[in-house]
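Here are my notes on this structure. Please keep the 3D view open and find each residue as you read.

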Amino acid sequence: MKQIHIVRGLGLTVAWSVLLTGCASYRLTSGVPEELRTIAVAVFENETGYPETSTTVTQYVLREFQREGTMKLQSWKDASLELQGTVKRGEMAAVRFDRSYGSRAAENRYTLIAEITLVERSTGKLLLNAVEVYGTTTFLTYDDMLTGMQNAHPRIAKELSRAIVDTVLAVWMPGNVE
């Protein structure tokens, strides 16, 4: 009986050793250098024609940086990175139609396109230069397109902000670093 416990213990030890050596190349920390982990985010410009789009997107970008946790938000004078952005345009496409009215859209796909630039403040180096980032959601119209768009606005800003933060952090992914 004692030999069975010893064999099991030895087997578990070998199994854990194999599993842990397989994970040796993974890191639990971010690839962003410590000295570049502070960021200032400018209020995004708005070229969409939809009111308050840029301020909503900016708010969600700030929240997403806080949620993700790699970067610390700082004032302009203290930040090592500066993120600038412009919400360029919004696009809509019908994805489902109302059976009662053949040509009336019942559901739409709403896409916001932003352009971002990331600057390393100490050197002026452009880490991202006018990179387009997309956020997409769908919304139901219920015979009222404006209300449907207003309801979709926070969701699309959240999706776009996640894409923006992911794009910023991808600068330091293996294979992207110079």
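1. **The helix contact.** Begin with two lists of residues. On the α2 side, Thr53, Thr56, Val57, Tyr60, Val61, Glu64, Phe65, Arg67 and Glu68 take part. They meet His153, Pro154, Ala157, Lys158, Leu160, Ser161, Arg162, Ile164, Val165, Val168 and Leu169 in α3. What kinds of residue make up this contact of α2 with α3? There are 11 nonpolar, 4 polar and 5 charged residues. Keep in mind that this is a predicted model.

2. **How the two helices cross.** Two packed helices are described by the angle between their axes and the distance between the axes. Here α2 covers residues 53–68 and α3 covers residues 145–169. Their axes come within 8 Å. The crossing angle is roughly 55 degrees. An angle of that size falls outside the parallel, antiparallel and perpendicular ranges, so α2 and α3 are oblique to each other. The crossing of α2 and α3 is right-handed.

3. **The whole chain.** Now step back. How many helices and strands does the protein chain have? There are 3 helices and 6 strands. Along the sequence, the pattern reads α-β-β-α-β-β-β-β-α. The protein chain has 178 residues, and 37% of them count as buried. It exposes about 11400 Å². Carbon and sulfur atoms supply 54% of that exposed area.

4. **Contacts across the sequence.** Take the contacts in the protein chain with a separation of 6 or more. Residues 24 or more positions apart account for 67% of them. The next points give individual cases.

5. **Ile164.** This residue is found in helix α3. Is Ile164 buried or exposed? Its relative accessible area is 0%, and buried means under 20%, so Ile164 is buried. Leaving aside neighbours within four places in sequence, Ile164 is in contact with Phe44, Val57, Val61, Leu83, Ala114, Ile116 and Val133. Val57 and Val61 belong to α2 and also appear in the helix contact of point 1. Look at Val133 too. Ile164 and Val133 are 31 residues apart in sequence, and their C-alpha atoms are 6.3 Å apart in space.

6. **Thr86.** Find strand β4, residues 81–97. Thr86 sits in that strand. Its relative accessible area is 15%, so Thr86 is buried. Which residues does Thr86 touch, not counting those up to four places away in sequence? They are Phe44, Glu45, Glu47, Ile113, Ala114 and Glu115. Phe44 and Ala114 are also among the contacts of Ile164. From Thr86 to Glu47 there are 39 residues in sequence, yet the C-alpha to C-alpha distance is 7.1 Å.

7. **Met92.** Stay in strand β4, where Met92 also lies. At 35% relative accessibility, Met92 counts as partly exposed. Leaving aside neighbours within four places in sequence, Met92 is in contact with Tyr50, Asn108, Arg109, Tyr110, Phe139, Met145 and Met149. Met145 and Met149 fall within the residue range of α3. Met92 and Leu112 are 20 residues apart in sequence. Their C-alpha atoms are 9.0 Å apart in space.

8. **Two backbone angles to check.** Which sign does phi of Glu52 have? It is positive, near 65 degrees, and Glu52 is a residue other than glycine. Glu52 is placed in the loop between β2 (45–46) and α2. With a relative accessible area of 60%, Glu52 is exposed. Ala130 also has a positive phi, near 55 degrees. Ala130 is found in strand β6, residues 125–140. At 36% relative accessibility, Ala130 counts as partly exposed.

9. **Gly124.** Finish at the loop between β5 (105–120) and β6, where Gly124 lies. Its relative accessibility is 45%, so Gly124 counts as partly exposed. How far is Gly124 from Glu82, C-alpha to C-alpha? The separation is 9.7 Å, although the two residues are 42 residues apart along the chain. Glu82 falls within the range of strand β4.

Conventions. Residues are numbered from 1 along each chain as its sequence is written. This is a predicted model: local features need pLDDT of at least 70, side-chain atom pairs count only at pLDDT 80 or more; totals for chains, interfaces and linings use all residues. Side-chain values use heavy atoms; hydrogens and water are left out. Axes are lines fitted to C-alpha atoms, for helices over the stretch in contact, and angles run from 0 to 180 degrees between N-to-C directions. Helices (H or I, at least four residues) and strands (E, at least two) are DSSP runs, numbered from the N terminus. Angles under 35 degrees count as roughly parallel, over 145 as roughly antiparallel, 65 to 115 as roughly perpendicular and the rest as oblique. A crossing is left-handed if the near helix is turned anticlockwise from the far one by less than a right angle, and right-handed if clockwise. Contact means heavy atoms within 4.5 Å. Ala, Val, Leu, Ile, Met, Phe, Trp, Tyr, Cys and Pro count as nonpolar, Asp, Glu, Lys and Arg as charged, and the others, Gly among them, as polar. Buried means under 20% relative accessible area, exposed over 50%, partly exposed in between (1.4 Å probe, protein chains only). Accessible areas come from the Shrake-Rupley method with a 1.4 Å probe; for residues, only the protein chains shown count as cover.
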